[in-house]
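Reader: I should be grateful for a close look at one helix of this model and at its surroundings. Please treat the matter in a single connected account.

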Amino acid sequence: MSSNLPGARIDAAAEAWGAALRRIAAADPRMRQEAAGNGTYMVVTGSPADSVNGVFTSALRPDAGRIERLAARTPGAAESFPGPVSWCVQVRSDPDGRVREVARRHGLTKRTQEPFMVRDLRGAPPVPDGAGDMEVRAVTGAEHDLYVRVLADGFGVPKEIFAPLFTPAVLDAAPDITAYVGQVRGQVVATAMTILTDGHVGIFNISTVPGHRGSGHGRRITQEAVARGWAAGARTAYLRSSDMGLRLYRSLGFDVAEHWTYYTGE
């Protein structure tokens with residue numbers, strides 16, 4: 001860990017990330033979720049992306065038995081969706097051999113790690129730079145297709161990855177969930193999302209479409225998302241970062257708290 005936040009606040013942020021994923025699932029009745037205690041839960045959203053389906057735990061010492069119980073149920077839940085749904089087992093830090101064995105038995109043998117970052121918002125409120133000509137606004141379920149299309153363009157993936165996850169029901173789950181787009185002279189060029197839970201704001205879906213990168217749009221929309229979360233009462237912000245995003249998020253006051261481990265299919 002390299003964050004200046006105490007362990008208890010990092011634990012709370014990790015729990016908030018799980019609560020945010022479950023909040024998405026609760027917003028759309030087609031999605032599935034189940035809890036097994038000790039911070040261990042299953043969520044199946046129907047997206048083909050394995051990182052938002054499977055068994056997750058916020059416990060520092062994951063319980064392999066609880067993970068196995070839910071892992072055995074995940075394929076059946078995934079089969080209730082029309083398309084192929086990949087899934088994962090996600091734990092904080094490095095799991096012990098029992099968790100690795102559970103993942104292996106279910107064909108999840110590829111191991112990756114991802115930084116989990118946090119920012120303390122108890123001091124001075126975050127203030128967006130205000131530079132540039134991008135306007136940030138919230139969108140609703142009526143603009144579901146626009147949001148998904150721009151988000152997919154920003155990440156360079158088919159929109160079918162995001163369409164089952166960010167449905168009209170999810171985008172209309174305000175004030176807990178708010179999706180944002182950034183516009184430049186009427187053209188949507190960037191996306192973000194915030195999810196508020198118990199004094200935490202999760203920052204999700206930061207993307208900028210090709211042709212508009214390098215102009216500070218990702219930075220600006222991230223600042224806006226954090227500032228709006230703070231205005232809504234959040235005193236801790238958190239996000240999962242790619243290696244590419246580390247420099248940006250560190251420049252915005254986020255620190256790497258942990259590296260989370262994901263087991264997926266090859």
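Author: In this predicted model, the buried residues of helix H4 pack against helix H2 (64–71), strand S4 (88–92) and strand S11 (255–264). Helix H4 itself spans residues 97–105, and Val-99, Val-102 and Ala-103 are buried in it. Viewed down the axis of H4, these buried residues fall within an arc of 95 degrees, so they line one face of the helix. The general geometry agrees: an α-helix has 3.6 residues a turn, so residues three or four places apart point the same way. Just beyond the end of H4, Gly-107 adopts a positive phi of about 80 degrees.

Helix H2, a neighbour of H4, may be described in the same manner. Its buried residues are Ala-64, Ile-67, Leu-70 and Ala-71. Seen down the axis of H2, they fall within an arc of 130 degrees and so line one face of the helix. The partners of the buried H2 residues are strand S1 (32–37), strand S2 (40–44), strand S3 (53–57), helix H3 (74–78), S4 and H4. Strand S4 is thus listed as a partner for the buried residues of H4 and also for those of H2. At the N-terminal end of H2, Asp-63 serves as a cap, with a side-chain oxygen 2.9 Å from the backbone nitrogen of Gly-65.

As for the wider setting, the largest nonpolar core holds 67 residues, and those touching the most other members are Trp-17, Phe-116, Tyr-147, Phe-166, Met-193, Tyr-238 and Phe-254. Helix H1 (residues 7–27) gives this core its largest share, ten residues. A second, separate core has 20 residues, including Phe-81, Val-85, Trp-87 and Val-89.

Terms used:
Residues are numbered from 1 along each chain as its sequence is written. This is a predicted model: local features need pLDDT of at least 70, side-chain atom pairs count only at pLDDT 80 or more; totals for chains, interfaces and linings use all residues. Side-chain values use heavy atoms; hydrogens and water are left out. Buried means under 20% relative accessible area, exposed over 50%, partly exposed in between (1.4 Å probe, protein chains only). Helices (H or I, at least four residues) and strands (E, at least two) are DSSP runs, numbered from the N terminus. The arc is that of the directions from the helix axis to the C-beta atoms. Contact means heavy atoms within 4.5 Å. A nonpolar core is a set of buried Ala, Val, Leu, Ile, Met, Phe, Trp, Tyr and Cys residues joined through side-chain atoms within 4.5 Å. A polar contact is a pair of N or O atoms within 3.5 Å; within protein, one must be able to donate a hydrogen and the other to accept it, and residues adjacent in sequence count only if both atoms are side-chain atoms.
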